[in-house]
Amino acid sequence: MRLASIVGARPQLVKVAVVSRALRQLHEELIIHTGQHYDYSMSEQFFDELNIPAPDYHLGCGSGPHGAQTGRMLEAIEEVLTRERFDAVIVYGDTNSTLAGALAAAKLHIPVAHVEAGLRNFDQSMPEEINRVLSDHLSSHLFCPTETACRNLNNEGITHGVEFVGDVMYDLLLQVQPELAGRNERLLRALRLSPQSYALVTVHRAVNADSAEAMRGIAEGLNRLEMPVIFPVHPRTRARLEGYDITWEKHVHLMEPLGYLDMMALGRTAYRILTDSGGLQKEAFLLRVPCVTLREETEWVETVEAGWNVLVGTRWQDIVKAVDRPRPEPPEHNPFGEGDAAVRIAHSW
Ligand code: UD1
């Protein structure tokens, strides 16, 4: 088969790293990068450290309001798909690059495969939820990371082509495990941290980053924690923070975004992870680190049900209380599959 993977944003690079490797054992695959993320630390670094094959097309679409950004991608992807011949197009996750890829392919009658299909948080005010729902309804292969995701699709009347394969980010985490211990030691030494004594934080959702009130609540919560706080800052959040007049206590360390391996290496010995990212909630669970989610809802409901994730929003009192929660009991089972999601995906053609 001749397949195209469409990526553009940081979380998609993590997913394509493992899927691409499995696909190329059996098929011909080309990578199309929309250019949604373009800073070294948001894109190229991931290609380098995860050995992702260089994109065959880089569309350079960049940032912008949703309509303009998605529109530019749609036009540029359509041009590539018209020029090349693909048996299927694979899209990943829930970003504007996902939706643009799915829409461009579907309109050209090229079958669409969605990796991480079926996730829902039932909040249509989040751009990611809109992107997920529409991409799923345009897809003929729907690769679900959890059983819940399969049920969500069935509830929307999508029953054909739905397959529970497990989570490709779990595959990747297993594959990089041997590298993490040494890297962890180096990072802790460089940052003068000891295991289980610090919090690791990320914040980038529009609903938080674009709201001064939300960011003030988060900052107050972090300022009140009695431990070092490591906070790699997404460029979107950094840009917004400049206008919010927030003072950070000395124990809160704002830094450039980290690559995938450093993030996992630091995460594995964190006392708590605080985040509004979807992927990191799940990675916290897989690393057995209790997670405090700075949102009101989640698409990774299994992590909450298992007691390893609490949804707190952005009130500082709730954040501090959740960090102080005792460590939960070990989970009874892993809802994210067997670590062979990418191989299953590759074999489905
Ligand atoms: C996007 C995804 C989000 C995902 C996140 C991961 C959508 C709607 N959202 O959000 O689901 O969790 O990626 O990171 O697709 N910027 C830079 N350099 C970059 C990238 C972004 O400076 O390399 C800044 C720009 O000011 C840009 C802003 O960040 O306007 C937002 O970037 P955008 O790609 O639109 O959305 P994200 O917030 O990154």
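**Exercise 1. Place the ligand and describe its site in this predicted model.**

*Solution.*
Step 1. Start with the location. The ligand sits in the largest pocket.

Step 2. Find the elements around the ligand. Helix 1 (10-26), helix 3 (66-83), helix 5 (127-137) and helix 10 (235-241) each give two or more residues to its shell.

Step 3. Now go to residues. The ligand is surrounded by 21 residues. His37, Asn96, Glu128, His204 and Arg236 are the closest.

Step 4. Sort the shell by class. Six residues are nonpolar, nine are polar and six are charged.

**Exercise 2. Identify polar contacts of the ligand, then state how much of the ligand is buried.**

*Solution.*
Step 1. Look for N or O pairs within 3.5 Å.

Step 2. Check the backbone. Tyr38 has a backbone N or O atom 2.9 Å from an oxygen atom of the ligand. For Asn96, a backbone N or O atom also lies 2.9 Å from a ligand oxygen.

Step 3. Check the side chains. In Arg236, a polar side-chain atom is 2.8 Å from an oxygen atom of the ligand.

Step 4. Turn to the surface. Alone, the ligand exposes 740 Å². The protein buries 86% of that area.

**Exercise 3. Describe the largest pocket: its volume, its lining and the helices that build it.**

*Solution.*
Step 1. Take the volume. The largest pocket holds about 1200 Å³.

Step 2. Take the lining. It consists of 50 residues. Pro11, His37, Met42, His204 and His234 are the closest to the pocket centre.

Step 3. Assign the lining to elements. Helix 1, helix 3, helix 5, helix 10, helix 11 (260-267) and helix 12 (278-286) give two or more residues each. Helix 12 provides the largest share, with five residues.

Step 4. Sort by class. The lining has 22 nonpolar, 15 polar and 13 charged residues.

**Exercise 4. Count the cavities of 30 Å³ or more and describe the largest cavity.**

*Solution.*
Step 1. Recall the idea. Rolling a probe the size of a water molecule over the atoms shows where empty space is left.

Step 2. Count. There is one cavity of 30 Å³ or more.

Step 3. Give the volume. The largest cavity has about 40 Å³.

Step 4. Name its lining. Val115, Glu116, Phe143, Cys144, Pro145, Val165, Gly166, Asp167, Val168 and Ile345 line this cavity.

Step 5. Sort by class. Seven lining residues are nonpolar, one is polar and two are charged.

Conventions. Residues are numbered from 1 along each chain as its sequence is written. This is a predicted model: local features need pLDDT of at least 70, side-chain atom pairs count only at pLDDT 80 or more; totals for chains, interfaces and linings use all residues. Side-chain values use heavy atoms; hydrogens and water are left out. A residue is near a molecule or strand if one of its heavy atoms lies within 4 Å of it. A polar contact is a pair of N or O atoms within 3.5 Å; within protein, one must be able to donate a hydrogen and the other to accept it, and residues adjacent in sequence count only if both atoms are side-chain atoms. Accessible areas come from the Shrake-Rupley method with a 1.4 Å probe; for residues, only the protein chains shown count as cover. On a 1 Å grid over the protein atoms alone, a cavity is a set of points where a 1.4 Å probe fits but cannot get out, and a pocket is an open set with protein on both sides within 12 Å along at least five of seven lines; lining residues have an atom within 4 Å of a point. A molecule sits in a cavity or pocket if more than half of its atoms lie within 2 Å of its grid points. Helices (H or I, at least four residues) and strands (E, at least two) are DSSP runs, numbered from the N terminus. Ala, Val, Leu, Ile, Met, Phe, Trp, Tyr, Cys and Pro count as nonpolar, Asp, Glu, Lys and Arg as charged, and the others, Gly among them, as polar. Grid points are joined across faces, edges and corners, and a volume is the space filled by probe spheres set on the points.
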